Amino acid sequence: MAPKGKLIIIGGAINTGSFTETQFGLPQNMNFFERGILKRITTESVKNTESRFEIITTASLIPEKVGEEYIKAFSQLDVHNVGVLHINSREQANNPENVARVKAAEVIIFTGGDQLRLSSIFGGTAIHDILLYNYHNEEVVIAGTSAGAAASSKNMIYQGSSKDALLKGEVKITGGLGFIDGVIVDTHFVQRGRIGRLLYAAASNPGILGIGLGEDTGLYISEGHKMEAIGSGMVILVDGRTMADTNLTDVEMGQPVSIKNMIVHVMCDGDVYDLTEHQLTIHHPKAVSVL
């Protein structure tokens, strides 16, 4: 059965319309609130602005500040039923009060930071169990930005420099939170030049689709397989199923890796990729004439 829940994964540096500089760039901020990613998270939730939101800051090194920024951002969208969960241990991830809050939420958002904190703190806990159950059986929205996006899949990249990514052994992969299978997600993708990390991940496991999310860009995933690009930037897809050859198993650790015949797609706002059919449909907006 297809999941009843919706998954929204974001590449990081989400434009929350920084209110510390309200005198600058106000039109851009307002445009973001009208059409941006946080607005989409809200409208996709079952009760819209009346939904219960929980922001999970576990991945962040500055959780209080991050929580405050999200509360401010959502308040500009007339969303006020927002809580923040600062969960920093597996004990807290099994705490009945915290579990009850997650269970009751219509929207869960994992902030950015370190994705290994998310997998190691939540994996196999009561909160993880209820998140998986609700995602498959309830009309919940689970969103993650940066680390929260990277941890959303069954396989997760947690380490590897951009410049050395195509050296054998440089990219480290472990298990994520498992909301979606058959993909692996990398974030801050365009800005940090992480194409090598995704190519390596796809070469080492050609059966999974590599997803590279640009900043302030994401994928809205419904029914577990329909992926729509949202936001202001690009999503890069790396499909290893057609890979003809690689020397990955032959070279020594630390040596460059060769890859033959890897498919790459580029998605922008409105484009849709079907994970089941492995088909990309490009959105062609009508051209606006300039007088």
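These questions and answers walk through a predicted protein model. Residues are numbered from 1 along each chain as its sequence is written. In this predicted model, local features need pLDDT of at least 70, side-chain atom pairs count only at pLDDT 80 or more, and totals for chains, interfaces and linings use all residues.

Trainee: What is the mean pLDDT of the protein?
Mentor: pLDDT is the predictor's confidence in each residue, from 0 to 100. Here 87% of the residues reach 70 or more. The mean pLDDT is 88.

Trainee: Where does pLDDT stay under 50?
Mentor: Look at one stretch of the chain. For it, the model has 30 contacts (heavy atoms within 4.5 Å) beyond four places in sequence. The stretch is residues 15-35.

Trainee: How many helices and strands does the protein have?
Mentor: Both are DSSP runs, numbered from the N terminus. A helix (H or I) needs at least four residues, and a strand (E) at least two. The count is 9 helices and 17 strands.

Trainee: Are the residues on the two faces of strand 4 buried or exposed?
Mentor: Buried means under 20% relative accessible area, exposed over 50%, partly exposed in between, with a 1.4 Å probe and protein chains only. Strand 4 spans residues 107-110. Val107 and Ile109 lie on one side, Ile108 and Phe110 on the other. Those four are all buried.

Trainee: Which residue in strand 5 is the bridge partner of Ile109?
Mentor: Two strands pair if DSSP finds at least two bridges between them. Strand 4 and strand 5 (residues 141-145) run parallel, joined by 4 bridges. The partner of Ile109 is Ala143.

Trainee: Which residue in strand 4 is the bridge partner of Ile56?
Mentor: Strand 2 covers residues 53-56. Strand 2 pairs with strand 4 in the parallel sense over 4 bridges. The partner of Ile56 is Phe110.

Notes:
Side-chain values use heavy atoms; hydrogens and water are left out.
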